[in-house]
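Visitor: Could you take me through one part of this structure slowly? I'm in my first year, so plain words would help.

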Amino acid sequence: MSDIVMVTGCGRNYALGYNIALRYLEAGDTVIATIRKPSPDIDALKEKFGDKLIVAMFDLLDTASVKEAAAKVADQVDHIDILINNAVGVAPDVDKGFFDADLDNIPRTLDIISVGALRVIKAFYSLLHSAPGTALIMNISSEAGSIEKCYRTTGMDYGMGKAALNMATMYLYNTFKDEKKINIFTVHPGWIRTNGKEDNPAPLSSYEAAGILKDLFAKRREDFTGHRFITNEGIDYPF
Ligand SMILES: NC(=O)c1ccc[n+]([C@@H]2O[C@H](COP(=O)([O-])OP(=O)(O)OC[C@H]3O[C@@H](n4cnc5c(N)ncnc54)[C@H](OP(=O)(O)O)[C@@H]3O)[C@@H](O)[C@H]2O)c1
């Protein structure tokens, strides 16, 4: 049976969100691809897949724009089966350590990564709740969001944002679990060449990573009891 799948942050054809959207489109699913600004890459995908691809535009920092997009999407679909919160934004000095980074950049990253995902889930909740089967929310996190495994000294805004996303996932798991209508995980998607550059040493292309994640999401959709923070290989990862 085909699904209606929503993926945030799909504007770049070399990055992960676009390739997750592409994988579901290739499988015959309907995809709601969200972008922050007009994207020629998404325009080209729309030309290829037509009505199977619904494009929604919003800024994760702007609750009103997320709600407005949800209302427009609700005119086109009556439910969403899978929501993948993939979009990310980091501070311009993400590569700097504590003494050199501008700490005032951190709240914006936290806002995009963790509060942004919550804004999307809240605005699209009724569509998720209307899914005929179990709806699934997959928050794309990172091993960088693990407090227990933290070894880094740079990219504190990113690590804090993903740790907050992981915590938000647990809050929503607790909120949704008794009804067993909406399932939720937070996922480290693997080490991926999401910048599309050939000299990137990461082992997975975005397209390869997207295929692995799609299979994982299908396997874990009905799993309401396992650990909530998992890797792309389906292995439990410490919070
Ligand atoms: N690459 C890896 O090895 C790796 C490892 C662990 C986790 N991840 C995670 O995998 C996911 C995908 O990574 P990626 O490198 O493919 O992502 P990306 O291309 O850097 O970002 C995805 C999209 O997020 C959008 N975005 C940024 N700020 C936004 C905002 N305020 N509102 C709406 N959209 C916004 C961007 O839109 P614009 O195009 O308009 O800028 C961008 O297209 C991320 O969650 C990342 O943390 C990646």
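Guide: Let's take a close look at strand 2 and then step outward from there.

First, a word of caution: this is a predicted model. Strand 2 covers residues 30-35, and six of its six residues are buried, so the strand is largely enclosed by the rest of the structure. To count as buried here, a residue needs 20 or more other C-beta atoms within 10 Å of its own. Now think about the two faces. In a regular strand the side chains alternate between the two faces of the sheet. On one side of strand 2 you'll find Thr30, Ile32 and Thr34, and on the other Val31, Ala33 and Ile35; every one of these is buried, which leaves both faces covered.

Next, who sits beside strand 2? One neighbour is strand 1, residues 4-7, which runs parallel to strand 2 and is joined to it by four bridges. You can pick out the pairs yourself: Ile4 stands opposite Thr30, and Val7 has Ala33 as its bridge partner. To get from strand 1 to strand 2, look for helix 1 (residues 16-26); together the three make a right-handed β-α-β unit.

The other neighbour to look at is strand 3, residues 53-57, which pairs with strand 2 in the parallel sense over five bridges. Here Ile32 stands opposite Ile54, while Ala33 faces Val55. Ala33 is a nice residue to pause on: it is the bridge partner of Val7 and also stands opposite Val55 in strand 3. Between strand 2 and strand 3 the chain passes through helix 2 (residues 40-49), and this β-α-β crossover is right-handed.

Now zoom out to the whole sheet. Seven strands form an open sheet with parallel pairing, and the order reads 3-2-1-4-5-6-7. Strand 3 and strand 7 (229-231) stand at the edges with a single partner strand each, so one side of each has no neighbour in the sheet. From one strand to the next, the twist averages 20°. Over toward the other end of that order, helix 6 lies across strand 5 (135-140), strand 6 and strand 7, and runs at about 160° to strand 6.

Two loop residues make a good contrast to finish the tour. Ala91 lies in the loop between strand 4 (82-85) and helix 4 (106-123). Ala91 counts as buried because it has 21 C-beta neighbours inside 10 Å. Beyond its neighbours within four places in sequence, Ala91 is in contact with Asn105, Ile106, Thr109 and Asp157. Take Ile106: it is 15 residues from Ala91 along the chain, yet their C-alpha atoms are separated by 6.8 Å.

Lys180 sits in the loop between helix 6 (156-176) and strand 6 (182-188). Lys180 counts as exposed because it has 10 C-beta neighbours inside 10 Å. Its backbone is worth a glance too. Most residues other than glycine have a negative phi. Lys180 has a positive one, near 55°.

Last stop, the ligand. Of the 24 residues around it, Gly9, Ala15, Ala87, Gly89 and Thr194 come nearest. That shell divides into 12 nonpolar, eight polar and four charged residues.

Key
Residues numbered from 1 in each chain as written. Predicted model: local features only at pLDDT ≥ 70, side-chain atom pairs only at ≥ 80, totals over all residues. Pairing = 2+ DSSP bridges. Right-handed = clockwise from strand over helix to strand, strands pointing away. Near = placed C-beta within 6 Å. Nonpolar A, V, L, I, M, F, W, Y, C, P; charged D, E, K, R; others polar. Buried ≥ 20, exposed ≤ 12 C-beta atoms within 10 Å, placed from the backbone. Contact = placed C-beta atoms within 7 Å. Axes fitted to C-alpha atoms, helices over the stretch in contact; angles between N-to-C directions.
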